[in-house]
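Hi,

Here is the structure I said I would pass on. Have a look at it first, and my notes come after it.

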Amino acid sequence: MIDKRFFDISNPIKLSDIQNLSGAVLPNPETANIIISGVAGINKATKDDIIFLANDAISSTLSKTNHYKEMLKNVNAGACITTKELSKFVPEHIPLLIYPDPRGLFIKLQEYFYKPKLNKNRIMRSAKIGKKVKFKNKKSVFIGHNVVIEDNVEIGQNCYISHGAIIKTGCIIGDNCKIMENAVISHTIMGNNCRIGENSVIGGIGFGWHSTPMGHQRVPQLGRVIIKDNVEIDANSCIDRGAIDDTEIGQGTKIDNLVQIAHNNKIGQNCIFAGMSGIAGSNKIGNWVLIGAQAGLKGFITVEDNVQIAAQSGIMKDIKKGQIVMGYPALDIKDFLKQQAFLKKSIKKQK
């Protein structure tokens, strides 16, 4: 049950509406007028909910686990989104929608049915707005209590800037962006449909030093942070601006809580950075790179497209396209597993 205190719930829709909007196949036309009011997990679904069944892993589990098959028999959902291959596992009493990416369609329905409760479009009296701030459509934005927007900032339409956020001089924020509580944004050009999480700092000063016998001299950080469309940066993360070149975050990249990305990094499209990962300065990271929790990258290396880096790995050299690496220092995963097997055997022999 979705708590109505936190979400606005949209009107029910027919299966035929979902079919028309998504292009899914409705095998039984007689089910077209069935009404769906929400989404649910398999265990808690009612006749008003839609569920989904997806991916080869689940298919393998279903074919081997009688317990899971029995559980499915007792499901009381109003409908199920699944693939043609998995449809044989869905009980006959549950209407089907056949779709190649069941989880993707399920997510879209989640977004349709449940809208987070946000304050309506208005500017709170305690917000401080500087000189020459340009709003694309001032009536479409929400600006919360104690927000500070400094001079010469540009704000797109339908933006949500929550309580205590600070947007510093000259920044550009695109359309449909959400800046959450106490985030600080400086030296940043941001695209559309971005989200910056609570307490994150974007465009802060990079960690650059020139060491001399007299001590450490800070290197001026003169670059910017360029954030492309559809980027999400979650709570308590820090993206440093460039020293001279810009720090760049590619379109569609998602960054978890407590992530550090240092100055001058060039990050490609649709990457994922898990929590507590840390990226030193001046790296080039390709598209569709997955970086696990607490992994770390030294500076001045190149990680090519479609690389996967396991949690807690230490990356000390370039990684070629498509590699999966693990360990510290990181190795190709096959070499890492061989190394671990050898060590186990060696320890057993010593005992």
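Below is what turned up when I went through it.

First, a caveat: this is a predicted model, so please read everything here in that light.

**Overall picture**

The protein has 40 strands and 5 helices. Its C-alpha trace spans about 80 × 75 × 30 Å along the principal axes. Of its 351 residues, 42% count as buried. If you take the contacts with a sequence separation of 6 or more, 25% of them come from residues 24 or more positions apart.

**Backbone oddities**

Most residues other than glycine have a negative phi, and most peptide bonds are trans. With that in mind, three spots caught my eye.

- The peptide bond from Tyr328 to Pro329 is cis, with omega near -10 degrees. Pro329 sits in the loop that links β39 (324–326) and β40 (331–332).
- Asn158 is not a glycine, yet its phi is positive, at about 60 degrees. You will find Asn158 in the loop between β13 (154–155) and β14 (160–161), where it is partly exposed at a relative accessible area of 41%.
- Asn270 also isn't a glycine and has a positive phi of about 60 degrees. Its loop runs between β30 (266–267) and β31 (272–273), and Asn270 is partly exposed with a relative accessible area of 24%.

**A buried asparagine**

Which backbone atoms does the side chain of Asn265 reach? On one side there is the backbone oxygen of Ala262, at 2.8 Å. There is also the backbone nitrogen of Asn283, which lies 3.0 Å from a polar atom of the Asn265 side chain. Asn265 belongs to the loop between β29 (260–261) and β30. Its relative accessibility is 0%, under the 20% cut-off, so Asn265 counts as buried. Leaving aside neighbours within four places in sequence, Asn265 is in contact with Asp246, Thr247 and Glu248, and also with Ile279, Ala280, Gly281, Ser282 and Asn283.

**The cores**

In soluble globular proteins, nonpolar side chains tend to be buried together. Here the largest nonpolar core has 49 residues, and Ile227, Phe273 and Ile285 touch the most other members. Ile285 is a good one to click on: not counting residues up to four places away in sequence, it touches Phe273, Ile279, Ile291, Leu297 and Val303, along with Lys266, Ile267, Gly268 and Cys271. A second, separate core holds 20 residues, including Ile18, Ile50, Ile81 and Tyr99.

**The largest pocket**

How much space lies in the largest pocket? About 600 Å³. The pocket is lined by 20 residues, and the closest to its centre are Asn176, Lys178, Asn193, Cys194 and Arg195. By class, that lining is mixed, with 7 nonpolar, 7 polar and 6 charged residues.

**One last loop**

Is Lys84 buried or exposed? It counts as exposed, because its relative accessibility of 66% is over the 50% cut-off. Lys84 is in the loop between β6 (79–82) and β7 (96–98). C-alpha to C-alpha, Lys84 and Pro27 are 9.9 Å apart in space, with their positions 57 residues apart in sequence terms.

If you only open a few spots, I would start with the cis bond from Tyr328 to Pro329, then the side chain of Asn265 with its reach to Ala262, and then the surroundings of Ile285.

Cheers

Methods: Residues numbered from 1 in each chain as written. Predicted model: local features only at pLDDT ≥ 70, side-chain atom pairs only at ≥ 80, totals over all residues. Heavy atoms only, no water. Helix = DSSP H or I, 4+ residues; strand = E, 2+ residues; numbered from the N terminus. Buried < 20%, exposed > 50% of the residue type's maximum accessible area, 1.4 Å probe, protein only. Polar contact = N/O pair within 3.5 Å; in protein donor to acceptor, adjacent residues only side chain to side chain. Contact = heavy atoms within 4.5 Å. Core = buried A, V, L, I, M, F, W, Y, C linked by side-chain atoms within 4.5 Å. 1 Å grid on protein atoms, 1.4 Å probe; cavity = no way out; pocket = protein on both sides within 12 Å on 5 of 7 lines; lining within 4 Å. Points joined across faces, edges and corners; volume = space filled by probe spheres on them. Nonpolar A, V, L, I, M, F, W, Y, C, P; charged D, E, K, R; others polar.
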